[in-house]
Every structure is written in structure tokens, then in C-alpha cells.
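Work through the exercises below with the sequence and the coordinates side by side. Each task is followed by a solution that goes step by step.

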Amino acid sequence: MVLTESLRIHELSPEERAIYLTLKPERLPEHIAIIMDGNGRWAGRRSLKRFFGHQQGAKSVQMVTETASRIGLPWLTLYAFSLENNLRRPRAEVNFLMRLLKSYLESNLQRMMDNNVRIRYIGRIHELPPEVQDKMRWAADATARNTGTTLTLALNYGSRSEMIDAFRALHAEIRAGHLSADRITEEDIHRHLYTAHMPDPDLLIRTSGEMRVSNYLLWQIAYSEIYITDRLWPDFRGIHLLEAIADFQRRERRYGGLSGSVGEVEEDSDRIQIAAG
Ligand code: FPP
């Protein structure tokens with residue numbers, strides 16, 4: 001459900017508003033997750049160092065978050081730094097991303113407050129440098145009472161390690177005698193994921209054209225619609241978020257069921273016949 005009390009449509013740009021007005025308010029997604037990809041390529045195409053791509057990417061984070069907050073999107077979850085990025089990228093790039101995160105939080109706190117945005121994190125946060133964790137806590141505490149969009153940054157995040165953490169917690173519950181192993185349900189797994197407090201994403205967006213999910217929210221995206229754009233993340237803005245939502249609204253979500261247009265389904269003893277309506 002959209003956060004109607006925090007709608008600020010009048011703050012959208014005229015181009016954004018034109019797209020917004022074509023959307024069906026009753027079918028707006030509740031949770032959008034984004035794989036922000038293409039910072040390096042954006043820089044490379046301009047013969048710039050990769051760092052500039054990340055810097056530009058941080059601007060997109062702010063712009064997209066502001067549009068999300070204006071349309072009352074309750075949950076926006078961005079893949080900012082994966083466990084694999086942490087292990088496999090050159091130290092200089094990892095250090096730069098950590099510094100960028102700190103300065104992002106510092107310099108955008110006021111804008112988050114102005115936009116009623118609450119910031120949170122998922123991932124193995126305790127493995128990040130202590131001064132980065134301090135800044136993260138500071139921003140989370142400062143914005144904790146905001147009631148608009150919850151911006152969740154996935155940091156040092158990997159979906160498989162999230163599941164391992166969840167299974168370990170389940171195991172502890174079983175050992176303590178609070179749960180029996182043969183009674184584990186999807187709900188039990190859900191409540192041990194980092195995302196236990198939020199609904200699953202309705203829409204997963206990936207920028208820069210790659211057709212992968214890259215170990216992102218694997219459990220949670222079971223029924224998400226996927227939208228892939230060739231646009232590189234540093235060029236992605238609020239208007240592109242609205243275009244993705246418009247595309248999402250053209251889809252029919254079936255959750256493993258049948259389409260409304262399939263028509264009558266008949267069954268006889270020898271064959272199953274699907275009669276198109
Ligand atoms: C992919 O680009 C993006 C990342 C490694 C992480 C995303 C980081 C940001 C958007 C910047 C900082 C974010 C915050 C919240 C301050 P890539 O380097 O993999 O691009 P490439 O595939 O073109 O090389």
C-alpha cells in the first residue's frame with residue numbers, strides 16, 4: 001500500500017508527473033529492489049577512472065530515493081556493496097566505496113530528513129570498518145522516526161550468506177526446543193532473513209543490461225517482476241523508476257496460478273484440455 005500521507009506529487013518534475021499520471025494508484029508496487037550496475041562502464045565510456053562512476057552513482061541513489069519518497073513508495077532496497085565486491089575488488093576500490101558511503105550519509109542526511117526517508121541496512125554489517133558502521137548507525141538513528149520511504153542499503157550483502165545466517169538461527173531455535181525441525185515453514189525462514197520486517201519486492205530492477213540476479217534477495221524475489229534496462233546506473237533517475245513502474249503495471253502477476261484470460265479448464269479421464277475462452 002502506498003504511503004498516501006507522504007505523497008508529494010507536486011514535487012515531481014513535469015516529465016515525471018506525466019508518467020505518474022498514467023499509473024494506476026491501486027497497483028503501485030510496495031517494494032522495489034534495485035541492482036545498481038554499470039558505474040565502471042559509465043566512467044570507462046568517458047575515459048574516467050571507475051571512482052567517478054561510483055560518485056555519479058551515489059547521485060543517482062539520492063535522486064531515485066527522492067522520487068520514490070514523492071510517490072509514497074514504502075520500501076526501496078538498493079544493492080550498494082556485495083560480499084563478492086568486498087572480497088574480489090581491488091582494495092583501493094573497496095576503500096573508496098567505504099569512504100563514499102560515509103560521505104554520502106553525512107552530506108545527504110538533511111535531504112533524507114526533508115524527504116521523510118528512513119535509512120536502514122541489510123548484510124553482514126559487522127564486517128565493515130568500524131568508522132563506517134558508526135556513520136551508518138548515526139544516519140539510521142537520525143532518520144528512525146521518519147515515516148516515508150524506507151531506503152535499505154544492502155552492504156556487504158550476499159543472499160546465500162543471508163540464508164546461511166537464517167539457517168543457523170533456525171538451528172539455534174530448534175536446539176533451544178522452541179521449534180521442531182519437521183515443522184519448519186516458509187514463515188519460519190522469512191522471519192530469520194535480514195528482510196523479516198519488510199514485504200518481498202514486487203519489482204526487481206537491474207541497470208546496465210546484464211541478465212543476472214547476482215546473489216541478491218534470492219528467497220525474496222521468488223515472485224518479483226524483473227525489469228532490466230540497458231541504462232547505466234549513473235544515468236538512472238526518478239523518471240526511469242517511474243518508467244519501470246509503468247512497465248510493471250502492464251504485467252500480469254500470477255504467483256503460479258492461471259491467467260484471468262485462460263478461460264475454462266476441463267479435465268477428462270484421458271487428457272487435460274484447456275479451452276481458450
Ligand atoms: C556496480 O558498478 C555498482 C557497485 C559496485 C555498487 C553500487 C555503488 C554505488 C551506486 C555508489 C555508492 C552508493 C552509495 C549508497 C553511496 P560496477 O562497478 O560493477 O560497474 P561495471 O559493471 O560497469 O564495472
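The exercises go from the overall fold to the strands and then to single residues.

This is a predicted model, in which local features need pLDDT of at least 70 and side-chain atom pairs count only at pLDDT 80 or more, while totals for chains, interfaces and linings use all residues. Residues are numbered from 1 along each chain as its sequence is written, and side-chain values use heavy atoms, with hydrogens and water left out.

**Exercise 1. Overall dimensions**

Task: Compare the radius of gyration of the protein with that of a compact globule of 277 residues.

Solution: Begin with the rule, which puts the globule at 2.2 Å times the number of residues to the power 0.38, the radius being taken over C-alpha atoms. For 277 residues this gives a value near 19 Å, and the protein, with 21 Å, agrees with it. Next, take the principal axes, along which the C-alpha atoms fill a box of roughly 65 × 55 × 40 Å. Then turn to burial, where buried means under 20% relative accessible area, exposed over 50%, and partly exposed in between, with a 1.4 Å probe and protein chains only; by this criterion 51% of the 277 residues are buried. Finally, consider contacts, meaning heavy atoms within 4.5 Å: of those with a separation of 6 or more, 75% are between residues 24 or more positions apart.

**Exercise 2. Strand pairing**

Task: Establish which strands pair with β2 and how many bridges join them.

Solution: Helices (H or I, at least four residues) and strands (E, at least two) are DSSP runs numbered from the N terminus, and the protein has nine helices and eight strands. Two strands pair if DSSP finds at least two bridges between them. Strand β2 covers residues 75-82, and seven of its eight residues are buried. Five bridges join β2 to β1, with the two strands running parallel, and seven bridges join β2 to β4, again in parallel. As partners, take Ile-35 with Tyr-79 of β2, and Thr-77 with Thr-152 of β4.

**Exercise 3. The surroundings of Ile-35**

Task: Decide whether Ile-35 is buried or exposed, and list what it touches.

Solution: Ile-35 belongs to strand β1, residues 31-35. Its relative accessible area is 4%, and therefore Ile-35 is buried. Leaving aside residues up to four places away in sequence, Ile-35 touches Tyr-79, Leu-204, Ile-205, Arg-206, Thr-207, Arg-212, Val-213 and Tyr-216.

**Exercise 4. The two faces of β6**

Task: Sort the side chains of β6 by the face to which they point.

Solution: Along β6, residues 225-228, Glu-225 and Tyr-227 point to one face and are buried, whereas Ile-226 and Ile-228 point to the other and are not buried. Four bridges join β6 to β5 (residues 203-206), and these strands run parallel. Within this pair, Arg-206 stands opposite Ile-228.

**Exercise 5. Positive phi angles**

Task: Find where Asn-116 and Asn-156 lie, given that each has a positive phi.

Solution: Most residues other than glycine have a negative phi. Asn-116, with a phi of about 60 degrees, is in the loop between α5 (91-114) and β3 (118-122). Asn-156, with a phi of about 50 degrees, lies in strand β4, residues 150-157. Asn-156 counts as buried because its relative accessibility is 0%.
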